[in-house]
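Here are a few exercises to work through with the model open beside you. Try each task before you read its solution.

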Amino acid sequence: MKRSELNEIIREGEKFIASFGFKLPEFAHWSEADWRKNKHRAGEALRARLGWDITDFGRGEFENTGLLLFTIRNGSADNLKSGRGMVYAEKIMISRRDQVTPMHTHAVKTEDIIVRGGAPLEVQLYNAKLGGGVDESKPVVVRMDGVEYEVKPGGVVQIQPGGSITLEPGHLHSFWGTGGDCLVGEVSTVNDDETDNYFLDMVSRFPDVEEDEPPYRLIVPDYARL
Ligand SMILES: [Fe+2]
């Protein structure tokens, strides 16, 4: 993706998030120079890969297949192993109208996907087969705000603003905003986007960046150059 495109997506995202009165932490507004200045204090933010994250899942068509994420907090695998400390994570995301996040599941992470504002979110569901692939026969049992639903394989549920769905390991899920752009929250187990995403079709989770202008904000993969 071009840096100019990433910059524009973040500028638009900031406006959309602010339109709901949702505030981001201070480091969301840091420039690259601010990151360099604060690097010695921000080790935990860098380790946990907090901040802006944009993906087109390697398809090169962000409007059709893509997601803007901002990781607000995230613990570590060590915490999870010991069962102490920060074993949780939180993100805020924007899933635009008909902008698909492709079908995937997680081995470790259980996530609540929450519609914080804007348009409803549609979520398509399957069970993952042991060893990979889609289970076309077994209904998917999910909880939405603590209430259990049985969904046919490949069925689509619609989540209204204020509502949420709990996705557990083995739940294959794909989602998109419907009728408009959707402000999506995620509250989950510790998150490792490098190792715990299993997409049905091969995708690249982080974009290769073509530097055609300076970054307005850094995205998570940029931290390697600090
Ligand atoms: Fe997911």
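**Exercise 1.** Work out how the donor residues of the iron ion are spaced in sequence.

*Solution.* Start with the pattern, which reads H-x1-H-x4-E-x61-H. Next, put names to it: His104 (NE2), His106 (NE2), Glu111 (OE) and His173 (NE2) coordinate the iron ion at 2.1 to 2.3 Å. Donors here are N, O and S atoms within 2.8 Å of the metal (3.2 Å for Na, K and Ca), and water is not among the atoms, so sites may look incomplete. Glu111 lies in strand 5 (residues 111–118) and His173 in strand 12 (residues 171–177), so this pair ties together parts that are 62 residues apart in sequence. Strands (E, at least two residues) are DSSP runs, numbered from the N terminus.

The model is predicted: local features need pLDDT of at least 70, side-chain atom pairs count only at pLDDT 80 or more, and totals for chains, interfaces and linings use all residues. Residues are numbered from 1 along each chain as its sequence is written, and side-chain values use heavy atoms, with hydrogens and water left out.

**Exercise 2.** Find the salt bridge partners of Arg96.

*Solution.* Apply the rule first: a side-chain nitrogen of Lys or Arg within 4 Å of a carboxyl oxygen of Asp or Glu. The side chain of Arg96 then pairs with Glu12 at 2.7 Å, N to O, and with Glu63 at 2.4 Å, N to O. Finally, check accessibility: Arg96 is buried at 13% relative accessible area, while Glu63 is partly exposed at 45%. Buried means under 20%, exposed over 50%, partly exposed in between (1.4 Å probe, protein chains only).

Terms used: Helices (H or I, at least four residues) and strands (E, at least two) are DSSP runs, numbered from the N terminus.
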